[in-house]
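This report describes selected parts of one protein chain. It begins with a single residue and then turns to a helix, salt bridges and model confidence.

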Amino acid sequence: LVEKYNKGENINIHDADDLLNICWNDHGQRDSQESQMLKLISLFQPFPMSEKTFDAILGSKCFTCLSDLDKADKLRLRRKVINNYGNTILEVTEGGMTIRPYPLAMHLAKQWIKEYGDPTLLKELGKYIQNLDERLRNPIIECMCGRLQKMDDDPTAVALVAELTGDAGFFGDENVVCSELGSRLILAMSTVNPLAVSNVIYKVFSCRLAEEIPNMISSQTRNNLLCALRYIIFDEASFEKGIEILGKFGLAETESYSNNSRQTFIDAFHILLPGTEINLTERLRIINKFAVSKLESYRLTPLAIKGALACGHFVRTGGNTFGSGRKEDYNPTNNDVIEYWKGVIKLSIELIEEGEFLDEFADIIRTNLFMWSGRGMTFLLIPLLEAFGKKDGYSIHLSGSDWLSFIGNVERTSSTHPEVLGKVKDLYPLFIKEDFISELDAVAYQFHENVKFSFED
C-alpha cells in the first residue's frame with residue numbers, strides 16, 4: 001500500500017483487505033457478541049441511535065443473531081461497544097454510530113453479507129422491514145442505503161444485488177419494485193450493479209403502456225426509480241434497457257420541472273454532457289431501433305432525434321459520482337459528431353418522406369435553426385429542410401425578423417459552403433407566410449437593423 005501511494009498509483013479499497021483482517025483480528029480481545037454488534041453497525045451509515053429503531057433492528061434474526069437477547073442485555077451490549085470502541089473504530093454522535101475508518105466499515109459490512117446474505121433470509125428481512133411502522137422503516141432504509149450505494153466496487157455486494165434482483169429474489173416481485181421501500185433500495189443498488197437493476201426494472205415496465213405507469217407507482221416511487229434510471233443509463237452495459245424504460249416514463253411525464261424524465265431521456269442523446277458513457281454510434285443504433293419498432297418505443301423516435309440534433313446549451317442533470325467512484329460522460333471527436341448528425345438527419349428525412357412526426361420535426365427545426373446556422377452547420381440541415389419543404393401544408397412559420405436573423409447567420413458562417421445561401425433563399429416559402437403582416441415585419445426589422453429609425457418615424 002505504501003509503495004502504491006508513493007508511486008501515485010490508484011489504490012483500490014480492497015487492496016487493504018489483508019491489512020484490515022490483521023487489524024480487525026488483532027484489535028484487542030472482543031467477544032463474539034461485540035463482533036456481531038460491530039458488523040451490524042457497519043451495515044448502516046450511520047446506525048440509528050433512537051431506542052425504538054435500535055429495538056426494531058435487533059428484533060429480527062434476519063438482521064442479527066443477537067435478536068435472542070432480552071432488551072436489557074441488548075442495551076448493555078450497546079453501552080459496552082460504545083465504551084470499548086467509541087474512541088477508536090466507532091464514531092458516536094447524536095445522529096448515530098458509524099464505523100471508522102471507511103475501509104474498515106466496508107470490510108465489516110462485507111462480512112455481514114457473507115453471514116446473512118442468503119437470498120431467502122434477505123427476502124424475509126425485506127418483508128420484516130416493510131411491515132414496520134413508517135417512523136421506524138424510513139430511517140432504517142435510508143441508513144442502510146447510505147452504506148449499500150457505496151459498495152459498487154465490492155464483488156460480494158455486486159453478486160448480492162444480482163441475486164436479490166433475480167426471479168427468486170426479493171425484487172423479483174413487481175409489487176416490491178413499485179413500492180416506496182423497494183424503489184428506494186433499487187436506487188441504492190443501481191450504483192452497485194446497474195445491469196442487474198436494469199433487468200428487473202425492464203421486466204416490470206417493458207410490458208406496460210406508458211399511460212399505465214402513473215397508476216402503478218406513487219410520486220415518491222417514481223422519483224426513486226427516475227434517479228435509479230439516471231445511474232443505469234450512465235453505465236454502458238445497462239444503457240439500452242434503461243433508456244427504453246426512461247422513455248416510457250417520459251411519455252407518461254406530468255411534471256414540468258427541467259430535469260424530469262422526458263428531458264433526461266432527450267439529454268441522453270446530446271453530443272455533450274449526455275449523462276452516459278455510451279458512444280454516439282451505439283446511440284444512433286438505438287434511435288434507428290426505435291424508428292423501426294412496432295411497439296410503443298416507436299413514439300420515442302422524435303424525442304431521441306430532438307436530443308441528438310441539439311448543438312448547444314448542454315447541461316447534464318445529476319452528478320457523475322457512482323458509489324465510491326466517478327464515471328465520465330462520453331466525449332466525442334468532431335468526426336464522431338458529424339457522422340452522428342448525418343445518420344440522424346438521414347433517418348429524419350426518411351420519416352418526413354413517409355409523413356411521420358411532421359409536427360415534431362417542425363418544432364425540432366425551429367428550435368435548432370439559429371444555433372446550427374450560427375455555428376456554420378446549415379449545410380448539414382439543407383437536405384432535411386428540402387425534404388420538409390416538399391410536404392404540402394407545412395411551414396416552419398418564422399417571423400420576418402427571425403427569417404432575416406437566420407439569413408444573416410448563414411451569410412456570416414457559410415464561406416466554406418457558398419451554395420448554402422442560395423439553397424436557403426430558395427426555401428423562403430417553407431419559413432415565411434406570404435402575407436402582409438409577415439412582409440411588414442421583415443421591412444420593420446430591416447429599418448431597425450440598418451437605419452435605426454425611431455418608432456414614431
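Ser60 sits in the loop between α4 and α5; helices (H or I, at least four residues) and strands (E, at least two) are DSSP runs, numbered from the N terminus. This is a predicted model, in which local features need pLDDT of at least 70 and side-chain atom pairs count only at pLDDT 80 or more, while totals for chains, interfaces and linings use all residues. Residues are numbered from 1 along each chain as its sequence is written, and side-chain values use heavy atoms, with hydrogens and water left out.

Is Ser60 buried or exposed? Its relative accessibility is 6%, so Ser60 counts as buried. Buried means under 20% relative accessible area, exposed over 50%, and partly exposed in between (1.4 Å probe, protein chains only). The side chain of Ser60 reaches the backbone nitrogen of Cys62 at 3.1 Å. Leaving aside neighbours within four places in sequence, Ser60 is in contact (heavy atoms within 4.5 Å) with Ser67, Leu125 and Tyr128.

**Pro101 and helix α6**

Pro101 is found in the loop between β2 (96-99) and α6 (102-116). With 46% relative accessibility, Pro101 counts as partly exposed. Its C-alpha atom is separated by 52 Å from that of Ile364, and the two residues are 263 residues apart along the chain.

Helix α6 has 15 residues and reaches 21 Å from its first C-alpha to its last, close to the 21 Å expected at 1.5 Å a residue. The expected span is 1.5 Å times one less than the number of residues in the helix. α6 is mostly covered, with 11 of its 15 residues buried. Among them are Leu104, His107, Lys110, Trp112 and Tyr116.

**Salt bridges**

Side chains of opposite charge can pair when their charged atoms come close. The structure holds 23 salt bridges, each defined as a side-chain nitrogen of Lys or Arg within 4 Å of a carboxyl oxygen of Asp or Glu. Three of these pairs are listed here.

| Salt bridge | N to O distance |
|---|---|
| Lys71 and Glu51 | 3.3 Å |
| Arg135 and Asp133 | 3.1 Å |
| Glu296 and Lys248 | 2.7 Å |

Lys71 forms its salt bridge with Glu51. This pair links distant parts of the chain, 20 residues apart: Lys71 belongs to helix α5 (residues 71-85) and Glu51 to helix α4 (residues 51-57). Lys71 is partly exposed at 45% relative accessibility, and Glu51 is also partly exposed, at 41%.

In the pair of Arg135 and Asp133, Arg135 is exposed, with a relative accessible area of 70%. Asp133 is partly exposed, at 38%.

Where do the partners Glu296 and Lys248 lie? Glu296 lies in the loop between α17 and α18 (301-308) and Lys248 in helix α15 (residues 239-251), so the pair ties together parts that are 48 residues apart in sequence. Both Glu296 and Lys248 are buried. Salt bridges that share partners join Glu211, Lys248, Glu296 and Arg299 into one network.

**Model confidence**

The pLDDT is the predictor's confidence in each residue, from 0 to 100. The chain averages a pLDDT of 87, and 92% of the residues score at least 70. Among the elements of the chain, helix α17 (residues 280-292) has the highest mean pLDDT, 97, and helix α25 (residues 436-450) the lowest, 66.

Notes:
A polar contact is a pair of N or O atoms within 3.5 Å; within protein, one must be able to donate a hydrogen and the other to accept it, and residues adjacent in sequence count only if both atoms are side-chain atoms.
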